[in-house]
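Thanks for coming, everyone. Please have a look at the sequence and the model on the screen.

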Amino acid sequence: MRASLIQIAVDEGESVESRRVRVASLVRAQGGRAQGGGADLVVLPELWTTGAFAYEEFGREAEPLEGPTYEVMAKAASDAGVWLHAGSIPERDPDGPLYNTSLVFSPSGELAAAYRKIHRFGFDKGEAVLMGAGRELVTVRLPETVLGVATCYDLRFPELFRGLVDAGAETLVVPAGWPERRRGHWTLLARARAVENQAFVLACGTAGTHAGVPQAGHSIVVDPWGEVLAEAGAGEEILTVDFDPGKVGVTREQFPALKDRVLGLEPPRR
């Protein structure tokens, strides 16, 4: 299986509309797998339309689920003939708050899944107060593997990934807008989630600067043993890697640690 992670640079001088067109072109360029050259799966970062730290833009640029980004990305997936995790958008629910919502499209351009980010970053400001929290885990079945979908700050919460594994996930896809000052955590956590869940991790970040916050870049692909198969640099880049989804089942059979999980432990007695 071949995956391409498109590490987009978010430039404040580029309009959202222009960025959509540019990114759609990058997605289309990853097609052609039927001829042996393109990707099966393309992954975009979190909130690449606005920038993950551009809080003031969330309300202005929020769109309905089937809004402009949906339309452009659905067409790009269909044109390229790829599975497309189109990163996330600020979604405006007509009956509720904003959400940080990821979109996954099939090679025919159909919406395969939408995931509202469960863990919102910011503590008492930013995304944590501007956006609502999702409540549902999301997986997507591809011919080669089952994707488990998470977003950025979710990476710090291992119980979410355990839930995805229990739902059948074998490849964990994490779009992000991760800040450069915590890049060490980004790499560490991506490898930890791969090792503890015996799964592939495809973590796609952004480049550039979002509202004054330098981004980490360094998108990364990790195998079920925690080995880094590929890692991007700091700038805009397309990271393409071939991997064997069958390695998940082999790893879990050869080293069956997941079978030794102990659930429902009692709290300590006082």
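I'll go through a sheet, one of its strands, and then the cores.

One caution before we start: this is a predicted model.

Let's begin with the sheet. It is open and has six strands. Read across, the order is S6-S5-S4-S3-S1-S15, and the pairing is mixed. Which strands sit at the edges? They are S6, residues 111-116, and S15, residues 237-242. Each of these two pairs on one side only. From one strand to the next, the twist averages 20°.

A helix packs on this sheet too: H3, residues 68-80. H3 touches S4, S5 and S6. Its direction makes about 15° with that of S5.

Now stay with S5. On one side, S5 meets S4. S4 covers residues 83-92, and S5 covers residues 98-105. The two run antiparallel, joined by seven bridges. They form a hairpin, with five residues between them. Want two pairs to find on the screen? Pro90 stands opposite Asn100. Leu84 has Phe105 as its bridge partner.

S5 also pairs with S6. Again the strands run antiparallel, here with five bridges. Thr101 of S5 stands opposite Arg116 in S6. These two strands make a hairpin as well, with five residues between them. Look at Gly109 in that hairpin: it takes a positive phi near 90°.

So how many residues of S5 are buried? Eight of its eight. Both faces are covered. On one side you have Leu98, Asn100, Ser102 and Val104. On the other you have Tyr99, Thr101, Leu103 and Phe105.

Next, the cores. In soluble globular proteins, nonpolar side chains tend to be buried together. Here, the largest nonpolar core has 46 residues. Which of them have the most contacts inside it? Leu5, Leu41, Val140, Phe161, Trp178 and Leu202. The strand that gives the most to this core is S10, residues 200-204, with five residues.

Pick out Val140 from that list. Leave aside its neighbours within four places in sequence. Val140 is then in contact with Trp83, Val104, Ala112, Ala113, Thr145, Val146, Leu147 and Val149. Val104 is a residue we just met, on one side of S5.

Apart from the largest core lies another one, of 21 residues. Among them are Val23, Val27, Ala76 and Leu103. Leu103 we have also met, on the other side of S5.

That's my tour. Over to you for questions.

Notes: Residues numbered from 1 in each chain as written. Predicted model: local features only at pLDDT ≥ 70, side-chain atom pairs only at ≥ 80, totals over all residues. Heavy atoms only, no water. Core = buried A, V, L, I, M, F, W, Y, C linked by side-chain atoms within 4.5 Å. Buried < 20%, exposed > 50% of the residue type's maximum accessible area, 1.4 Å probe, protein only. Helix = DSSP H or I, 4+ residues; strand = E, 2+ residues; numbered from the N terminus. Contact = heavy atoms within 4.5 Å. Pairing = 2+ DSSP bridges. Axes fitted to C-alpha atoms, helices over the stretch in contact; angles between N-to-C directions.
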